[in-house]
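Subject: Handover of a structure and notes on its contents

Dear colleague,

Please find below the structure that I am handing over to you. I would be grateful if you would keep it open while reading the notes beneath it.

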Amino acid sequence: MIWSRTLFRFFPAVAATLFLTSLTACDSYYHSSDFRNLDNDFGKAANDTASATDTVPKVFELRGEFRLKSTLVPEKLEIAVIDDSLNIIEKTSAKITRNRTEFSFWIDEQEYPLHAARFKFTCTFPAPNDSLEMEFVTYLPVSKNESVKLDLFDALIGSRIESLVKQEGYSFFEASEVAGREASRLLEPQSSNKYGIENYPASKDSLEPLIYLYGRHFQEDSTFYASFDKLKKALGSDKSWSQELPSTKIADALVKHFSIDDPDYFASVYPTLKKDPDFDRNMHQAAFRIVEAVYGMPLCNFTGTTTKASASESEFDGMNFVCDFDKSADSTEHVWRAMSELETVLGPCTKATSDTVAADSATYACTGSHAWKVISANYTEIKNTTFDGIVTELFGKCFIGTENKKVHNDTLFAECRNEKWTAIDEIVFYEGRCSLDKANQKISTPSGHYYQCKDSTWKPITAPDFYGDSCNANGKVVIRDSAYFICNNGWNALNRSYTSSPADSLGSCTDSTRIETYEGIFFMCDSGYWRKIPPEILLPRNKNGRLCTNDNFGELVLYNDTNYVCSFPLVGSGTRWLISSEKTVPEEIKKQNQLHGDVCKKGNKGTSFVWSDSTKRYMGCNAESSSWLYIYFYEDYYFHPIFNNGTLENGAFINDTVYQAEIQGVRYKFSYQGKRQFRNEDFYQLTDAETDGTLYKAEAFRNRLFLSTVGGTETKALGEIDNRTASVQAYLDNRSKSYMYPMRDITFEYWSETAYTDFNTAAHFCPEGFHLPDTTGWPPIPARNQESYENTYPFKVYINGFQKSVTMLWTSVEKDDSTQYCLENISLSYNTEETNIVECPKDMYPMIQPLCIKDE
């Protein structure tokens, strides 16, 4: 039994709103497990809940925006108020406002009894000759504080939702769920077949691009709208998109549009594609998925894999493709591109290829640039276009008697292997394979290259690495082979002229805030290089010579008894030191530094916080400045009264960043989080607690103190946990029958054996002075979207095809000998969630966590 079921039974409008908020979410988020909306009088009759839902506003103004590709320009929008049968009560025309490529709308306040509305909008293509008016209809939830997002996926399922409600008797939210599943099966049948239609894992982020691509939105408006209409009418059938639309023509169009048939894809095509206002990674990858499926190509998972398109009706049938990638392309995802004619002879030249081959009267090199390049033309007499043929004409045939023989001519290096001449690297020609007996050996070749034998491979190294120059400080400069090298996370050749360097006189550049002068010019240490800077931005400087940069933006420094803040000026550009609104250092801090300044000079370890009765605040040592500062704990929201009034003075720093203090038999730890911007204060966060040999995760939040289990870093699916109890599956099965949100494909992202417990373990988990909460008066749980403050470990689960975060917690309230009440929190979107009280078997493991609250 699930108590919130009553809410859905008596208030279908609210249920629909909650469901569709989930359905329209594009992604899963970490955010609040906040139980403030829970009925404080748990167990009251269902009609007692009505007063709470009656307060949900039904009259409000409505705002929203269009989430469409630039090929669709909104021209008209009609918004209709509807009843629970989707009958129109009242219609209003909304004004569309354009801001560059973005379109938004607004209408005055009116009543929405269903908390949902019908949206009918008309679009045209932007091209001058395309004037077809395309009409789209969708049904979406509306609320006072939520902006409506109109997109093509919801428009696709709009008429199907209407049909299911009016003709088949579905409720609004049930129809939306069914239509969403049908759309997934229609648009991406391979995923539906793999996971089952009840478990479809696709989200709008992956499905919506397919609608545009199947419609070839980059071509004529009539083609696009006709394709959209066919897909819309196919919902409810068992057909897939390829049965309704010409799949081969679509794949061919995508190959041309995205220039997949261009061997220079990464060199010239991709940079242009990224500038397209409609470019997004989901659509880009979706295009490749379509081409793979239609052409019968395998998944592109491994660099250098080759395949041929196999589609008899395609103009690209038989074309050779290679799986390639490029780190500079904002992603290292592999994609297919056409092979050049030269690649069909010499082999693929990919990002991962490093090879030299002689062919067609020239020598070619591939060094991860996606294209073979001519590096020598010494073989003018040779007509054979194969590498084996070229070497054969130069050195004779490779046969059993010459097996393993190596030959060399200019930049050509070859070895006889299996009766065929094979290209090898220069280092292999001179030194042989990188074997175990040569591990870490460094070699120089006649051509002036350096290699080291590592991981059974000869790897190129720099000259300083070969000569053993130590790269122990960023900014260090050495000269090898008449070239300059700089130490910057390893030796790097300087590509610019480096005849006069401040590094020669100033030494290593390791401190990004250090400034020096060289030949009367100011230089700042920036990312391992000395960079010239104008003198005016240096003033005023503090006593330590620190420069105001982006790295220390917001920092306060003391200079001649005045505080300066690193910030942006009202006029001009660049960061600089400005007089702070906190113009002087607090007298209390001054006095503490005068009397006890020596305490902080050796670092924080062993020092203690000091309580101030006058300001009701702690002071502590700052290791970086070796001075006293105020300590900041987020008192308003993330602190607890037991830490006030000097109770932390009996603790001490166990190192420079962690402070530990024991209070009422529990040792609490606070970790340094950095200095507060624009304030001379150090920020500390409560992280964990320990008592009786048990470690807890700890957090204070709005005058409440919480302890919970310590999670792990392993990700594990529910099915991989061998010691899960049978009651888990029984609970999930019962939940699917009695509740509208069945849970599927559960994954624990913070898995450890002790992060989740059965009730018997939870009942003995809380230390003295703490307790498991009951079902009334639950306090809020720290915000999930602030990952530093998470105090529980939600698991991931698919609900209605969208992945959500769910947190389940034990309460102290028992139903019977075998059942305990639990609290279940489901994140529906970034700032929307639903809380239920559910019945949990006491032996249920895993899924549920204990959360202890400090006694008041």
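The notes below cover confidence, cores, disulfides, strands and one residue in particular.

**Confidence**

Please bear in mind that this is a predicted model. The chain has a mean pLDDT of 76, with 71% of its residues at 70 or more. Confidence is highest in helix α20 (residues 759-763), where the mean is 95, and lowest in helix α1 (residues 5-10), where the mean is 26. The pLDDT is below 50 over residues 1-55, a stretch that nevertheless has 141 contacts in the model beyond near neighbours in sequence. Residues 495-500 also stay under 50, and the model has six contacts for them beyond four places in sequence.

**Nonpolar cores**

The largest nonpolar core has 86 residues, and the members that touch the most others are Phe 119 and Tyr 295. Leaving aside residues up to four places away in sequence, the contacts of Phe 119 include Leu 62, Leu 77, Ile 79, Phe 105, Phe 136 and Val 148. Glu 78 and Thr 138 are also among the residues that Phe 119 touches. There is a second, separate core of 57 residues, and Phe 653, Tyr 684, Tyr 696 and Tyr 731 are among its members.

**Disulfides**

Six disulfides are found in a search of the whole structure. Three of them are described here.

One disulfide links Cys 398 and Cys 416, with an S to S distance of 1.8 Å. The angle about the S-S bond is 80°, and the link between Cys 398 and Cys 416 is right-handed. Cys 398 lies in the loop between α14 (387-395) and β15 (406-409), while Cys 416 belongs to strand β16 (residues 412-417); the two are 18 residues apart, and the pair links distant parts of the chain. Are these two cysteines buried or exposed? Buried means under 20% relative accessible area. Cys 398 has a relative accessibility of 1% and therefore counts as buried. Cys 416 is at 0%, so Cys 416 is buried too.

Another disulfide is formed by Cys 766 and Cys 852, whose sulfur atoms are 2.1 Å apart. Here the angle about the S-S bond is -95°, and the link of Cys 766 and Cys 852 is left-handed. This pair also links distant parts of the chain: Cys 766 sits in the loop between α20 and β41 (770-771), Cys 852 in strand β46 (residues 851-854), and 86 residues separate them. Cys 766 and Cys 852 are both buried.

A further disulfide joins Cys 822 and Cys 840, at an S to S distance of 2.5 Å. Cys 822 is in strand β44 (residues 819-827) and Cys 840 in strand β45 (residues 833-841), 18 residues apart. Both Cys 822 and Cys 840 are buried.

**Strand β46 and its partners**

Strand β46, which contains Cys 852, is covered on both faces. Leu 851 and Ile 853 are buried on one side, and Cys 852 and Lys 854 are buried on the other. In a regular strand the side chains alternate between the two faces of the sheet.

Which strands pair with β46? Strand β38 (residues 704-708) runs antiparallel to β46 and is joined to β46 by three bridges. Ser 708 has Leu 851 of β46 as its bridge partner. β41 pairs with β46 as well, in the antiparallel sense and over two bridges. The bridge partner of His 771 in β46 is Ile 853.

**A three-stranded sheet**

An open sheet of three strands follows the order β21-β22-β23, and its pairing is antiparallel. β21 (477-480) and β23 (491-493) are the edge strands, each pairing on one side only. From one strand to the next the twist averages 35°. β21 and strand β22 (residues 483-487) are joined by four bridges, and Val 478 stands opposite Phe 485 in β22.

**Gln 820**

Gln 820 is located in strand β44, the strand that also holds Cys 822. Gln 820 counts as buried because its relative accessibility is 1%. Not counting residues up to four places away in sequence, Gln 820 touches, among others, Phe 759, Trp 810, Val 813, Val 838 and Cys 840. The C-alpha atoms of Gln 820 and Asp 843 are separated by 9.6 Å, and these residues are 23 apart along the chain.

Yours sincerely

Terms used. Residues numbered from 1 in each chain as written. Heavy atoms only, no water. pLDDT = per-residue confidence, 0-100. Contact = heavy atoms within 4.5 Å. Core = buried A, V, L, I, M, F, W, Y, C linked by side-chain atoms within 4.5 Å. Buried < 20%, exposed > 50% of the residue type's maximum accessible area, 1.4 Å probe, protein only. Disulfide = S-S within 2.5 Å. Pairing = 2+ DSSP bridges. Axes fitted to C-alpha atoms, helices over the stretch in contact; angles between N-to-C directions.
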